[in-house]
Amino acid sequence: MQVTVLGAGSMGHGIAQVSAMAGYDVVLRDIEEELVADGLEGIRQNLRGGVDRGKVSEDEMEATLERIEGMTDLTAAVDNAELVIEAVPEDMGLKKDVLSEVESNTDSETVIGSNTSSLSVTEMASTLESPERVIGLHFFNPPHLMDLVEIVIAEQTDARTEEFAVDYVREIGKEDVVIRDSAGFATSRLGLVTGLEAIRMVEEGVASPADIDEAMKLGYGYPMGPIELGDHVGLDVRLHIAEHLREELGERFKPPQVLRRKVRAGKLGKKSGEGFYIWEDGERVGTSGDRGGDER
């Protein structure tokens, strides 16, 4: 089976990697050659890290890389694909355009998945002539390490598509939860509540980001604290999801001002080198000097 992943960023190349490691032929597509090359290099680095930790053999690494082809031509990328997963930025208009283009270049049996973390899969599907083959496949970052995939059932999704998606998720070694399409699904909605409240605590001077994160790890068994997780996901992504859920579900999702200020300043977290923490070469090395307070 061929799996095509559209978008070679951290989520896209991670999804491509886990699909290839499960034995699928994979096409990783993005709009520029440089983006594709960066995605392929990201996969190589992930696999090399697995080899260094004794989790992946040299043979497994090479076999996985041989199964992945990168390209920029969407029509060629989706040709012969049984599953296409979009992992483009969280913009409804963009996702609708991408899904429509996929539909125009695939047959009616091809399943179309969206890796959206909060947008309505039902709305995306509504633009297609065959919306029953659209489903949400919400992977978690980083996909090669996180076990969960949230399968989101749109109003139009048929039983064949749901069964196909569940089989795929289990075949790549992930754990599935099936959610009916609603704002924020289950995980983004619950995770964001914790993340926003943690940021408010920093803004109010209750505790430092590091102490809040440590409390949640030691007290509640979180593998990563909610503020550090925000830096990993991207504070711009956190803000975008919060604004969307505020519109859909009300004022309890109103973003803290310190979150808005950091995004405006380009302090987006790990990907920019600074968010609530300072990052160097992908490692957390300190805490940002911005501790919150009222926006001026």
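This note goes through helix α2, the largest cavity and the aromatic pairs of a predicted model.

1. Helix α2. This helix covers residues 33–52, 20 residues in total. From first C-alpha to last it reaches 28 Å, close to the 28 Å expected at 1.5 Å a residue.

2. Buried side of the account for α2. The buried residues in this helix are V36, G39, G42, I43, N46, L47, G49, G50 and V51. Glycine appears in that list as G39, G42, G49 and G50. The packing partners of these buried residues are two helices, α1 (10–21) and α3 (58–66), and two strands, β2 (25–29) and β3 (68–71).

3. After the helix. G54 comes just after α2 and has a positive phi of about 75 degrees.

4. Cavity count and volume. The structure has 1 cavity of 30 Å³ or more. The space in the largest cavity is about 30 Å³.

5. Cavity lining. The residues that line the largest cavity are G195, I199, P226, I227, G230, L235, R238 and F276. Three helices, α8 (187–203), α10 (226–233) and α11 (235–249), each supply at least two residues of this lining. The most comes from α10, with 3 residues. Sorted by class, the lining has 5 nonpolar, 2 polar and 1 charged residues; R238 is among the lining residues.

6. Aromatic pairs. Searching the whole structure gives 2 aromatic pairs. In one of them, the ring centres of Y24 and Y168 are 5.9 Å apart and the planes meet at 40 degrees, so the pair is tilted. To count as edge-to-face, the planes would have to be over 60 degrees apart, and to count as stacked, under 30.

7. Where the tilted pair sits. Y24 lies in the loop between α1 and β2, whereas Y168 belongs to helix α7 (residues 159–171). The two are 144 residues apart, and the pair links distant parts of the chain. Y24 and Y168 are both buried.

8. The edge-to-face pair. Y277 and W279 form an aromatic pair with 6.5 Å from centre to centre and 85 degrees between the planes, an edge-to-face arrangement. Y277 has a relative accessibility of 0% and therefore counts as buried. W279 is buried as well, because its relative accessible area is 7% and the cut-off for buried is under 20%.

Definitions and conventions. Residues numbered from 1 in each chain as written. Predicted model: local features only at pLDDT ≥ 70, side-chain atom pairs only at ≥ 80, totals over all residues. Heavy atoms only, no water. Helix = DSSP H or I, 4+ residues; strand = E, 2+ residues; numbered from the N terminus. Expected span 1.5 Å × (residues − 1). Buried < 20%, exposed > 50% of the residue type's maximum accessible area, 1.4 Å probe, protein only. Contact = heavy atoms within 4.5 Å. 1 Å grid on protein atoms, 1.4 Å probe; cavity = no way out; pocket = protein on both sides within 12 Å on 5 of 7 lines; lining within 4 Å. Points joined across faces, edges and corners; volume = space filled by probe spheres on them. Nonpolar A, V, L, I, M, F, W, Y, C, P; charged D, E, K, R; others polar. Phe/Tyr/Trp six-rings, centres within 6.5 Å; stacked < 30°, edge-to-face > 60°.
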